[in-house]
Amino acid sequence: MNVERGDDHMARSSRRNAPLVHPEIEDFDVLDVLHALADPTRMTIVRTLLADPERACGTFPVDVAPSTLTHHFRVLREAGVIHQREDGNRRWTTLRRDDLDARYPALLDTIVSSYERQATAPDPATSSQA
């Protein structure tokens with residue numbers, strides 16, 4: 001049986017990736033940024049980029065499926081938190097720190113330092129009372 005196929009049935013290797021969406025600074029929404037930073041996996045991505053300014057997408061210290069990681073990158077990218085660029089078959093990720101600081105001064109530092117303090121604070125439920 002010979003079925004004619006249109007462009008939407010191209011082999012995966014022949015398809016072009018959709019262009020990556022990166023909002024302009026004036027289009028950042030503080031609620032989108034806060035939502036993007038409200039997930040532990042996404043905070044790991046942001047904290048990793050604070051220490052290492054550019055990383056290939058598969059090199060982040062997270063334990064999630066590739067499709068889930070792609071979702072986390074999309075949330076961060078569309079909120080304006082990260083920038084991604086393609087180079088051959090690799091996608092590189094950087095933090096849009098200057099853009100975030102220009103739009104929302106000290107917001108990123110405040111959230112990251114609060115997150116780190118919370119992560120290292122003793123758990124009151126497991127602390128023994130004297």
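This report walks through a predicted model of one protein, from its overall layout to its core, its hollows and its salt bridges.

## The overall layout

Let's start with the parts list. The protein has five helices and three strands. If you read along the sequence, they come in the order α-α-β-α-β-β-α-α.

How much of the protein is buried? Of its 130 residues, 28% are buried. The chain also brings together residues that sit far apart in sequence: take the contacts between residues at least 6 apart, and 67% of them join residues at least 24 apart.

## The nonpolar core

The largest nonpolar core is made of 24 residues. Within that core, L37, V46, L76 and V81 have the most contacts. Four helices each give two or more residues to this core: α1 (30–36), α2 (40–51), α3 (66–79) and α5 (107–120). Which of them gives the largest share? That is α3, with five residues.

V46 is a good one to click on in the structure. If you ignore its neighbours within four places in sequence, V46 touches L37, L76, V81, L95, L108 and V112. Three of those names should ring a bell, since L37, L76 and V81 are also on the list of residues with the most contacts inside the core.

## A closer look at V33

Next up is V33, which is found in helix α1. Is V33 buried or exposed? Its relative accessibility is 1%, and buried means under 20%, so V33 counts as buried.

What does V33 touch? Leaving out neighbours within four places in sequence, its contacts are A79, V81, L100, Y104 and L107. The partner V81 shows how the chain folds back on itself: V33 and V81 are 48 residues apart along the chain, yet their C-alpha atoms are separated by 6.8 Å.

## A cavity and a pocket

V33 turns up again in the lining of the largest cavity, together with L37, L100, Y104, L107 and L108. That cavity has a volume of about 40 Å³, and the structure holds one cavity of 30 Å³ or more. What kind of residues line the largest cavity? By class, the lining has six nonpolar residues, with no polar and no charged ones.

The largest pocket holds about 350 Å³ of space. It is lined by 17 residues, and C57, T70, F73, Q84 and R91 lie nearest its centre. Helix α3 and the strands β2 (82–87) and β3 (90–95) each give two or more residues to this lining. Helix α3 gives the most, with seven residues. So what is the class mix in the lining of the largest pocket? Sorted by class, the pocket lining has five nonpolar, seven polar and five charged residues.

## Salt bridges

Now for the charged side chains. Side chains of opposite charge can pair when their charged atoms come close. In this model, the count comes to eight salt bridges.

One of them joins R47 and E116, with the closest N and O atoms 2.9 Å apart. Why does this pair link separate parts of the chain? R47 lies in helix α2 and E116 in helix α5, so the salt bridge ties together parts that are 69 residues apart in sequence. R47 counts as partly exposed at 32% relative accessibility, and E116 is also partly exposed at 32%.

Another salt bridge is formed by the side chains of E54 and R85, at 3.0 Å from N to O. This one links two strands: E54 is in β1 (residues 54–56) and R85 is in β2, 31 residues apart. E54 is partly exposed, with a relative accessible area of 31%, and R85 is partly exposed at 34%.

A third example pairs D109 with R97, whose closest N and O atoms are 2.4 Å apart. D109 lies in helix α5 and R97 in helix α4 (residues 97–103), so the pair ties together parts that are 12 residues apart in sequence. Are these two buried or partly exposed? D109 is partly exposed, with a relative accessible area of 36%, and R97 is partly exposed at 26%. There is one more partner here: R97, D101 and D109 are linked in a network of salt bridges.

Note on methods
Residues numbered from 1 in each chain as written. Predicted model: local features only at pLDDT ≥ 70, side-chain atom pairs only at ≥ 80, totals over all residues. Heavy atoms only, no water. Core = buried A, V, L, I, M, F, W, Y, C linked by side-chain atoms within 4.5 Å. Buried < 20%, exposed > 50% of the residue type's maximum accessible area, 1.4 Å probe, protein only. Contact = heavy atoms within 4.5 Å. 1 Å grid on protein atoms, 1.4 Å probe; cavity = no way out; pocket = protein on both sides within 12 Å on 5 of 7 lines; lining within 4 Å. Points joined across faces, edges and corners; volume = space filled by probe spheres on them. Nonpolar A, V, L, I, M, F, W, Y, C, P; charged D, E, K, R; others polar. Salt bridge = Lys/Arg side-chain N within 4 Å of Asp/Glu carboxyl O.
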